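The following paragraphs lead from the overall properties of a protein chain to the surroundings of a few individual residues. The sequence and the structure are shown first.

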Amino acid sequence: MITWNIKDFDKRTLSNEGVSVETPDHLLCRVFDGNPALVHAAAEKAYGFVRKNGGKPSWPDYLDILATRGAPSSLREFAKRLRTFIPEDVPEQISTSEMDIDLVEVEEVVEPPAGGPKGGK
């Protein structure tokens, strides 16, 4: 299960049912660690669709956005991995054309209410 709302789930009970709980940041880090070249290429491709106030942020600004937007529900560790990735460290590069993903431009990001969902947890 992927959620920012980790605190409201009993990990032991879910584990007994074969369900794990992790944040989006943790999931992306785990996927990145499994195939850094592919994930970095996908992040660069997604970055190509980003527009901010009529322009495109720089790559470092994009990583800052990932690391801070919606804090504490941000992608801080994932952004850190993208920042430190050096393509030359990976023997075989994977082109973005090999990725079987469709990306769409997002016009607006809607943040959840600060107090969480209405009606409790």
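**From the whole chain to single residues**

The accessible surface of the protein amounts to about 8,800 Å², and carbon and sulfur atoms supply 53% of this area. The model is a predicted one. The chain has 121 residues, of which 26% count as buried. Its secondary structure consists of five helices and zero strands, so that the order of elements from the N terminus reads α-α-α-α-α. Among contacts with a separation of 6 or more, 45% join residues 24 or more positions apart.

The N-terminal part offers a suitable place to begin. Thr3 lies in the segment before helix 1. Because its relative accessibility is 17%, and the limit for burial is under 20%, Thr3 counts as buried. The side chain of Thr3 reaches the backbone nitrogen of Asn5 at 2.9 Å. Apart from neighbours within four places in sequence, Thr3 is in contact with Phe9, Val21, Glu22, Thr23 and Pro24.

One of these partners, Glu22, deserves separate attention. Glu22 is located in the loop between helix 1 (11–16) and helix 2 (24–34). Is this loop residue buried or exposed? With a relative accessible area of 9%, Glu22 is buried. Which side chains make polar contacts with the side chain of Glu22? The side chain of His26 does so at 2.4 Å, and the side chain of Arg30 likewise at 2.4 Å. When residues up to four places away in sequence are not counted, Glu22 touches Met1, Ile2, Thr3, Ile6, Leu27 and Arg30. Arg30 thus appears both in this list of contacts and as a polar partner of the Glu22 side chain.

A further position to examine is Leu82, which belongs to helix 5 (residues 76–84). Its relative accessible area is 1%, and Leu82 is therefore buried under the 20% limit. Which residues does Leu82 touch, if those up to four places away in sequence are not counted? They are Phe32, His40, Ala43, Trp59, Leu63 and Leu66. For one of them, Ala43, a backbone distance is also available: the C-alpha atoms of Leu82 and Ala43 are separated by 8.1 Å, although the two residues are 39 residues apart along the chain.

Technical notes: Residues numbered from 1 in each chain as written. Predicted model: local features only at pLDDT ≥ 70, side-chain atom pairs only at ≥ 80, totals over all residues. Heavy atoms only, no water. Helix = DSSP H or I, 4+ residues; strand = E, 2+ residues; numbered from the N terminus. Buried < 20%, exposed > 50% of the residue type's maximum accessible area, 1.4 Å probe, protein only. Contact = heavy atoms within 4.5 Å. Areas by Shrake-Rupley, 256 points an atom, 1.4 Å probe, with all protein chains shown as cover. Polar contact = N/O pair within 3.5 Å; in protein donor to acceptor, adjacent residues only side chain to side chain.
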